[in-house]
Amino acid sequence: PLNNRSYESKRKWRFCVKLSVFSRNQMSLATDIEVLGGDVPSGAQETSRRASWLGRNIFALGDQGVISAANFVTGVLTARALSDNTSEFGTFSVVYNVLLLLNILQSTLITQAHNVLGATREGADYKRYTSSVAFAQVLMAAAEMLLVLPVLAVAWIGHWNALPMIIALIPSIAAWQLQEFARRVMYTEGRYYSAFVNDVIS
């Protein structure tokens, strides 16, 4: 009888230990679910969420594709148009690289900063920040166009062949940088479709 009682006591003790471990595991699972934000998503919900994510980001991918394709086509068409005059193509390449260099400066000081800092702001704070950055963008574009004027004057006096391209560089700075600023603001706000349409039109 004593041995039977001892055996039954051990069985009860083991059952209580297992029950305690199971309860702790269940509580841990419930806590994990709560931290993650509610119920475990079903297969249909997960599929819907992935489809929604793909629908939002497919336009961001398409936007990058449009930019790459436009740059490639521009280079090919320009090379073919100036194939009989390599010096003119060299001049175009220099002027175009100056435009790209100015756009890198814009990206470093204006648009990337807005993408990072603007994403942390909301409401009136975001509007004030975006307005101040837009003002800085206009000042930067104006300053860059003014820097081209002395080069334009020298080209005019010296009767450079590159004079028409330097003249075209001035409005190109304003048009490209303002369009790029608007595009990057749309990225900050998550409006990828609008950014895609903006690039297709421009």
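**Exercise 1.** Work out which residues of H3 are buried in this predicted model, and what covers them.

*Solution.* Start with the list: Glu 88, Val 95, Leu 99, Leu 102, Asn 103, Gln 106, Ser 107, Ile 110, Thr 111 and His 114 are the buried residues of H3. Now recall that an α-helix has 3.6 residues a turn, so residues three or four places apart point the same way. Next, look for the cover: it includes helix H4 (123–158) and helix H5 (163–188).

**Exercise 2.** Check the end-to-end span of H3 against its residue count, then find where H3 bends.

*Solution.* H3 covers residues 86–117, which makes 32 residues. At 1.5 Å a residue, the helix should span 46 Å. The C-alpha atoms at its ends sit 44 Å apart, so the two values agree. As for the bend, go to Ser 107: H3 turns there by about 50 degrees. Ser 107 also shows up among the buried residues of H3.

**Exercise 3.** Describe the largest pocket and say which helices line it.

*Solution.* First, the volume: the pocket holds about 710 Å³ of space. Then the lining, which takes 26 residues; Asn 71, Tyr 96, Asn 103, Trp 176 and Gln 179 lie nearest the centre. Helix H2 (43–81), H3 and H5 each give two or more residues to that lining. H5 supplies the largest share, with ten residues. Asn 103 is worth a second look, as it is also on the list of buried H3 residues.

**Exercise 4.** Sum up the fold of the whole protein.

*Solution.* Count the elements: six helices and zero strands. Then take burial: 22% of the 202 residues count as buried. Finally, the surface: about 14,300 Å² is exposed, with 67% of it from carbon and sulfur atoms.

Notes: Residues numbered from 1 in each chain as written. Predicted model: local features only at pLDDT ≥ 70, side-chain atom pairs only at ≥ 80, totals over all residues. Heavy atoms only, no water. Helix = DSSP H or I, 4+ residues; strand = E, 2+ residues; numbered from the N terminus. Expected span 1.5 Å × (residues − 1). Bend = angle between axes of the 7 residues up to and from the residue. Buried < 20%, exposed > 50% of the residue type's maximum accessible area, 1.4 Å probe, protein only. Contact = heavy atoms within 4.5 Å. Areas by Shrake-Rupley, 256 points an atom, 1.4 Å probe, with all protein chains shown as cover. 1 Å grid on protein atoms, 1.4 Å probe; cavity = no way out; pocket = protein on both sides within 12 Å on 5 of 7 lines; lining within 4 Å. Points joined across faces, edges and corners; volume = space filled by probe spheres on them.
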